[in-house]
Amino acid sequence: MTARRDRHGARERGSGSDAAGALILAACAVWSLISAAGRETRPEGVLLALLAVAAGFVCGRICGTLLPVAAAVVAAVAALTMALLAHHGLPGATVTADVAPGHTGAAAALLVLAVGAACCAAAAARRTALRTALRLLALGIACAAVPLRSAVGLVAALGVLLCSLAAARTHRRLLGLTGLALTALLLAGASWAVAEDVLPDGLMTSVQGQLTRNRVLLWHDAVDLAEEHPLLGTGPDRFAELSPTAQQSLQSDGKPHSAPLQQAAEQGVVGVVLLGAAFGWLLYVLGRSPRSTAVVLTAGASLTALAALASVGNALSFTPVTVGAGLLAGLASARRPIGDGTPTMSCAGGGDRADRDAYEPDGTAGRDPRDRTSR
């Protein structure tokens with residue numbers, strides 16, 4: 001009876017987080033249509049990105065339930081392959097010689113997601129040899145940023161790998177996820193501070209040297225547009241035609257290269273709030289996940305690194321990146337099918353004993369203190 005009640009409680013918590021996510025994504029879609037109403041705008045890109053996140057999340061849930069290790073490895077290899085292809089095919093996908101290291105695109109974001117998936121697979125593996133091999137795979141994926149000439153991708157990918165190693169010895173997922181959320185918020189605020197020219201002169205000069213003057217001017221234009229249209233914004237995908245810097249720049253992709261600033265310019269303050277709510281929902285889903293703390297914090301670190309790249313680049317402009325973000329969150333929050341015979345333990349972190357043992361073969365890493373007490 002206790003196991004049955006616990007399992008029912010876990011289902012209710014999972015259903016609640018999924019319903020919240022559906023509402024947030026629906027609100028994002030509706031608001032993009034509202035901000036586009038009566039204007040010659042193109043909200044299709046926003047709607048496609050939302051659909052990509054939702055589709056990736058559902059696919060990750062299904063695959064993570066059936067084959068947690070294999071699905072994560074396949075996702076890592078697929079993301080690495082697309083990163084290598086993006087270097088040759090997708091415009092704005094990589095850091096090139098004539099662009100400062102502050103630029104981030106599809107290749108850097110895909111490498112981060114690939115490392116995150118490989119590290120999640122390592123945390124899911126039962127055997128020590130397999131875990132070691134998968135972590136070496138993650139290291140190799142991170143090093144792939146070198147031939148791609150993506151310094152930012154290398155730093156971000158190695159950061160995810162180090163966070164994954166630290167997460168294996170972390171017991172409090174809530175504290176870790178809170179730190180990741182604050183990190184993402186701090187980076188978004190830093191990009192806004194640069195756009196508003198509120199940093200000290202010396203620091204501002206240093207930042208401009210890393211981001212390039214053109215990037216900072218694009219951010220200034222985004223802030224100006226947000227101040228002129230604070231509620232509705234200018235409309236989705238209108239930054240290119242309203243930004244003087246974008247119009248005067250050669251080889252411009254028409255993006256301000258900062259997701260929060262682009263949302264502020266094109267969809268107003270409500271768009272920024274909804275963007276933050278979508279990221280917060282992903283972290284909340286991870287916090288309620290039945291998977292181990294090591295898997296949860298690894299996925300959270302990868303998504304936070306992606307948010308950092310999106311704050312100073314155009315990472316979210318690529319469909320494979322948005323699909324990958326949803327897929328990784330789904331893999332890290334997947335559940336066992338109801339009725340599989342596995343007894344379920346009720347705890348704030350979520351999860352049953354079999355799930356935790358599958359992700360923590362040594363029986364110690366990432367376990368909540370209450371789990372030890374209940375045993």
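Is Glu241 buried, exposed or partly exposed, and what is its relative accessible area? Glu241 is partly exposed, with a relative accessible area of 39%, where buried means under 20%, exposed over 50% and partly exposed in between, for a 1.4 Å probe and protein chains only. The model is a predicted one, in which local features need pLDDT of at least 70 and side-chain atom pairs count only at pLDDT 80 or more, while totals for chains, interfaces and linings use all residues. Residues are numbered from 1 along each chain as its sequence is written, and side-chain values use heavy atoms, with hydrogens and water left out.

The side chain of Glu241 meets that of Arg238 in a salt bridge, at 3.4 Å from N to O, a salt bridge being a side-chain nitrogen of Lys or Arg within 4 Å of a carboxyl oxygen of Asp or Glu. Unlike its partly exposed partner, Arg238 is buried, at a relative accessible area of 18%. Salt bridges that share partners also join Arg42, Asp237 and Lys255 into one network. By the rule given above, the count comes to 4 salt bridges.

Within that network, Arg42 and Asp237 meet through their side chains at 2.9 Å, N to O. This pair links distant parts of the chain, since Arg42 lies in the loop between H1 and H2 and Asp237 in the loop between H9 and helix H10 (239-242), 195 residues apart; helices (H or I, at least four residues) and strands (E, at least two) are DSSP runs, numbered from the N terminus. Both partners count as partly exposed, Arg42 at 40% relative accessibility and Asp237 at 24%.

A further salt bridge is formed by the side chains of Arg61 and Asp18, at 3.1 Å from N to O. Because Arg61 lies in helix H2 (residues 44-66) and Asp18 in helix H1, this pair ties together parts that are 43 residues apart in sequence. Arg61 counts as buried at 13% relative accessibility, whereas Asp18 counts as partly exposed at 28%.

Turning to the surface, a nonpolar patch of about 500 Å² is made by Val30, Ile34, Leu231, Leu232, Val269 and Val273. Patches are made of residues with over 30% relative accessible area and no salt bridge, with like charges joined within 9 Å and nonpolar side chains (Val, Leu, Ile, Met, Phe, Trp, Tyr) within 5 Å, and accessible areas come from the Shrake-Rupley method with a 1.4 Å probe. Helix H1 (2-36) and helix H12 (259-287) are the elements that give two or more residues to the nonpolar patch. Val30, found in helix H1, is partly exposed, with a relative accessible area of 47%.

A patch of negative charge on the surface gathers Glu196, Asp197, Asp201, Asp224, Glu227 and Glu228, and its largest share, 3 residues, comes from helix H9 (residues 213-228). Asp197 lies in the loop between helix H7 (173-196) and helix H8 (201-211), and it has a positive phi of about 60° although it is not a glycine. Arg149, in the loop between helix H5 (128-143) and helix H6 (151-167), likewise has a positive phi, of about 55°, without being a glycine.

Finally, the structure holds 0 disulfides, a disulfide being a pair of cysteine sulfur atoms within 2.5 Å. The sulfur of Cys120 is 7.3 Å from the closest cysteine sulfur, in Cys119, which is too far for a bond. Cys120 is buried at a relative accessible area of 7%, while Cys143 is partly exposed at 39%.

Conventions
Lys and Arg count as positive and Asp and Glu as negative; His and the chain ends are not counted. The place of a charge is taken as NZ of Lys, CZ of Arg, CG of Asp or CD of Glu.
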